[in-house]
Amino acid sequence: MENLSVSVKVQPEYEVLIGKGLINYVGSLIQNIRPRGACAVITDTNVEKLYLNTVLDSLKAAGFTPAAYAFPAGEEHKTMETLTGILDFMSEIPLTRSDFVVALGGGVTGDMAGFAAGVYMRGIPFIQIPTTFLAAVDSSVGGKTAVDLKTGKNLAGLFHQPSLVITDIDAFKTLTPENYACGSAESIKMGVISDPELFRIFECENPAEYESEIVKRAVQAKADVVMRDEKETGDRKLLNLGHTYGHAVEKLSNFTLPHGHAVAIGLAMAARAAEKMGDMDFNTKDRIIKTLEKNNLPTACGFSAKEIYLSSLNDKKMAGKNLSIIVPKKIGQCEIRKIPASEFEKFIELGLK
Ligand code: NAD
Ligand code: ZN
């Protein structure tokens, strides 16, 4: 199959390359934008075993001088401590301002390597090689980077756009079904936000046959929003569809529920609440719930409306006493609505059943 690509037209513009087996050619693909230099390849201990050597060989064959750093896999290591380790490693190489960082892994790796690249010497370029479905369709594009703090997820970070994103869909083959479903959840979310065709792929018999098309459409949809509102002062909030409910549920589960599963529950809740408030018809709500379930995602949880409400009050998106919720109206059309935080409990109640 032919490779696909999406241009993300922010300043400076970058390409997202999507195809099978691209991980074997990262060196020559990077050469098109950066002819030479040293680089730090940041990865986690799981991805290290699977793909690091291939990436290092390809970089060396293209004339680069790579050095690799693997941190312990898992969200619990998305911390300032790990970030410090990465920065120390980069300075010991030593990486200079004409060098670059490669993020090889899922969203945790991308968020931390991007953060490190964004602050090292006040910012050097970085390249994303997402290896999870979720990172491919969501976190590798858009330039948000972060680590978690004790009080919450993604509380410290900065905007730093990658210079190139290389997505090899063959890497999804080694994912657990649970992690794979997280990518489906974020893609279904993108479909509901702005791409009915993307949503329809997940209604079909075997969406896995259309992975390249899914990644391309999800990235294009995200890029369109990011190009309109890079720093989330307006429209970019749409990407949070299902996330205010989802984050609250994720937190209540003590993060035992994977992010994408929490988002699926949040998306189902947003759809049910929208239908009851008269913003969405019954058939559309039904399609959203059925599509999530068909793609191995949960649509309900055992927490009460009160518990979810109290958990969501600590969410960083609760600006002052009002909060912006994303109300889905049709497949491909959502609205940002400001409501008093106190009203949110009603939405949660309506969303639960
Ligand atoms: P992750 O990076 O922890 O990856 C999940 C697990 O899969 C890890 O154990 C990892 O080692 C393993 N893995 C990665 N690639 C693999 C492969 N090809 N085969 C087998 N195992 C593989 O997490 P994730 O699910 O990719 O992403 C979640 C993170 O992304 C969260 O921290 C979230 O906050 C962040 N995120 C960021 C943005 C953004 O815009 N920056 C958007 C969405 C999510
Ligand atoms: Zn998400």
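**Sheet architecture and a nonpolar surface patch**

Met80 lies in helix 3, which comprises residues 80-92. In this predicted model, Met80 joins Leu149 and Leu155 in a nonpolar patch on the surface, and the three residues together present about 220 Å² of accessible area. Met80 itself is partly exposed, because its relative accessible area of 34% falls between the limits of 20% for buried and 50% for exposed residues.

The strands considered here belong to an open sheet of seven strands, arranged in the order 1-2-9-6-5-3-4 with mixed pairing. Its edges are formed by strand 1 (4-8) and strand 4, each of which pairs on one side only. On average, and with direction ignored, neighbouring strands of this sheet are turned by 15° against each other.

Within this order, strand 3 is placed between strand 5 and strand 4. Towards strand 4 (residues 65-71), strand 3 pairs in the parallel sense over seven bridges, and Ile42 has Tyr69 as its bridge partner in that strand. The connection between these two strands involves helix 2 (residues 45-61), which together with strand 3 and strand 4 makes a right-handed β-α-β unit. Towards strand 5 (residues 100-105), strand 3 also runs parallel, and the two are joined by five bridges. Here Ile42 stands opposite Ala103, while the bridge partner of Cys39 in strand 5 is Phe100. Ile42 thus has bridge partners in both strand 4 and strand 5.

The cover of strand 3 (residues 38-44) matches this placement in description: seven of its seven residues are buried. In a regular strand the side chains alternate between the two faces of the sheet. For strand 3, one side carries Ala38, Ala40, Ile42 and Asp44, and the other carries Cys39, Val41 and Thr43, with the residues of both sides all buried.

Strand 5 is likewise mostly covered, six of its six residues being buried. From strand 5 the chain crosses through helix 4 (residues 107-119) to strand 6, in a β-α-β crossover that is right-handed. Strand 5 and strand 6 (residues 126-130) run parallel and are joined by five bridges, with Gly105 standing opposite Pro130 of strand 6.

Terms used
Residues numbered from 1 in each chain as written. Chains lettered and ligands numbered in written order. Predicted model: local features only at pLDDT ≥ 70, side-chain atom pairs only at ≥ 80, totals over all residues. Heavy atoms only, no water. Buried < 20%, exposed > 50% of the residue type's maximum accessible area, 1.4 Å probe, protein only. Helix = DSSP H or I, 4+ residues; strand = E, 2+ residues; numbered from the N terminus. Pairing = 2+ DSSP bridges. Right-handed = clockwise from strand over helix to strand, strands pointing away. Patch = residues over 30% accessible without salt bridge, like charges linked within 9 Å, V, L, I, M, F, W, Y side chains within 5 Å. Areas by Shrake-Rupley, 256 points an atom, 1.4 Å probe, with all protein chains shown as cover. Salt bridge = Lys/Arg side-chain N within 4 Å of Asp/Glu carboxyl O. Axes fitted to C-alpha atoms, helices over the stretch in contact; angles between N-to-C directions.
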